[in-house]
Amino acid sequence: MKEKIHKFEQGGYFVLLDVNSGAVHVVDEMVYAMMDIFDGENDEAVIAALTGRYDAAELREALGELHELIKAGELFAPDIDVPPTFAQKGLVKSLCLMVAQDCNLRCKYCFGDGGGYGMERAMMSEEVGRRAVDFLIEGSGPRRHCEIDFFGGEPLLNMKTVKAVTVYARARERETGKKFKLTLTTNGMLLNDANIAWLNENDFSLVLSLDGRKETNDAARPDVGGHGTYDRVVRNFHRCVASRKGGNFDYRGVYTYLRGTYTHNNMDFTKDVLAMHDAGFDILSVEPVVMKDSPLGFTEADLPRIAEEYDRLTEAYLARRREGRGFFFFHFNMDLSNGPCVAKRLSGCGAGHEYLAVAENGDLYPCHQFVGRARYKLGNLYDGVTNEELPQYFRESHVLNKETCRNCWARFFCSGGCHANADLFHGDIRKPYEVGCEIQKKRLECAILVQARIALEKMDGK
């Protein structure tokens, strides 16, 4: 039964997670100790082992409560089976368009080789972009809601194609009954009043790239000439957020958030998160860099320091919330009552079968991080997916088909991790990147604790 639960202590709280149901229980030290022994059927063994350390009557009372949790399906819940749909061909629900395989920054950790992805720098034509819309309509079957992400490099370098694709997508919505959610990721260098207004008018969600403090950002994200970019992009980001109808998030589901990256050079990343909040932004995300054989990347030796920093971020996040100046941190936002559906919990983002990337020339890849990795080319927009085995391999590469994931407590939260990172480190999407796994698990523990403490504070009327 031990693989069905996960328990951890943080900040003086004892937390018990039921892996299959996702139920979270904040327990006392006695129950925490009991769960090292209890398997659902060995009450007397628990009492024999812990009497003397704890009162026998209290142990029996706690055992009764644990049996009630088992009956309710919130402890030692049965294993999740793979839905039959995973054996079927998937529907494409989302495309990432590499509208500009070029960039006006030279970020030190860029996985896309400065925007070129190991190929010649180039821009996606309007014709390729429009064909991508038709491909998505054809591949999505009866699915009504679809997504198009405009990516790069820096997509605003090719605003002409962004606009043409958007106009075409909105026209095809009216013709087909489809509904396209549009997102654009930008470094902010080219944001101005004109294109901000246009993005707002066309209901774009925006991901704005910033790495926190000025010194952190300018060291990691210089422009082509090697100059810092913080002052320029923050000015543009402020103008952009202030112009949005609902601020950072509005009733249409359109959002605007800042996304940063931390590296070995800023493992004190709590300061970067708080710096972005202090700069006036309150929907934030900061991700660990993923680099192989680079001084900016992480090794196993860095994990204790990173774990300490997540503890620090947890307390800072909760403190600001109690002070009435809370913010939304993407990785602490976790629904503990109604989480993702089973398919999502098993397979995550759907890269390679539900989510595809389109290179500037129309070639298809499992996701934006695979662009340029020749052996992962799936086909192209005109001939379709010609490598039919690879999408099914991705579809079947869910957590229950990954040896190291199968019995991991975090499997239904991380869904097996990033396929591109696994390929980068092991050349196999079914062998997760171990350091990334450990960082993810620590971050998940923090998120679980955050949500549990918020719930407890509400119960206490705080």
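Glutamate 457 counts as buried, its relative accessibility being 12%, which places it below the 20% limit used for that class. In this predicted model, the residue is a convenient point of entry, since its side chain takes part in a salt bridge. The partner of glutamate 457 is arginine 322, and the closest N and O atoms of the two are 3.6 Å apart. Glutamate 457 belongs to helix α15 (residues 434-459) and arginine 322 to helix α10, so that the pair links distant parts of the chain, 135 residues apart. Arginine 322 is partly exposed, with a relative accessible area of 49%.

Helix α10 also leads to another ion pair. Arginine 320 and aspartate 278 bring their side chains together in a salt bridge with an N to O distance of 2.8 Å. Because arginine 320 lies in helix α10 (residues 303-322) and aspartate 278 in helix α9 (residues 270-278), this contact ties together parts of the chain that are 42 residues apart in sequence. The surroundings of the partners may be described in turn: arginine 320 is buried, at a relative accessible area of 9%, whereas aspartate 278 is exposed, at 54% relative accessibility.

A further salt bridge joins the side chains of aspartate 423 and arginine 373, with 2.8 Å from N to O. Aspartate 423 is part of helix α14 (residues 419-426), while arginine 373 sits in the loop between β13 (363-365) and β14 (379-380); the pair therefore ties together parts that are 50 residues apart in sequence. Aspartate 423 is buried, with a relative accessible area of 9%, and arginine 373 is partly exposed, with a value of 23%.

These pairs belong to a wider set, as the structure holds 33 salt bridges. Some charged residues are joined in a network of such contacts: Arg213, Asp268, Lys271 and Asp272 are linked in this way.

Attention may now turn from ion pairs to a pocket. The second largest pocket has a volume of about 390 Å³. It is lined by 18 residues, of which Lys89, Gly90, Val92, Val385 and Pro391 are the closest to its centre. The elements that contribute two or more residues to this lining are α4 (126-139), β15 (384-385) and α12 (389-395). In chemical character, the lining of the second largest pocket divides into 7 nonpolar, 7 polar and 4 charged residues.

Conventions
Residues numbered from 1 in each chain as written. Predicted model: local features only at pLDDT ≥ 70, side-chain atom pairs only at ≥ 80, totals over all residues. Heavy atoms only, no water. 1 Å grid on protein atoms, 1.4 Å probe; cavity = no way out; pocket = protein on both sides within 12 Å on 5 of 7 lines; lining within 4 Å. Points joined across faces, edges and corners; volume = space filled by probe spheres on them. Helix = DSSP H or I, 4+ residues; strand = E, 2+ residues; numbered from the N terminus. Nonpolar A, V, L, I, M, F, W, Y, C, P; charged D, E, K, R; others polar. Salt bridge = Lys/Arg side-chain N within 4 Å of Asp/Glu carboxyl O. Buried < 20%, exposed > 50% of the residue type's maximum accessible area, 1.4 Å probe, protein only.
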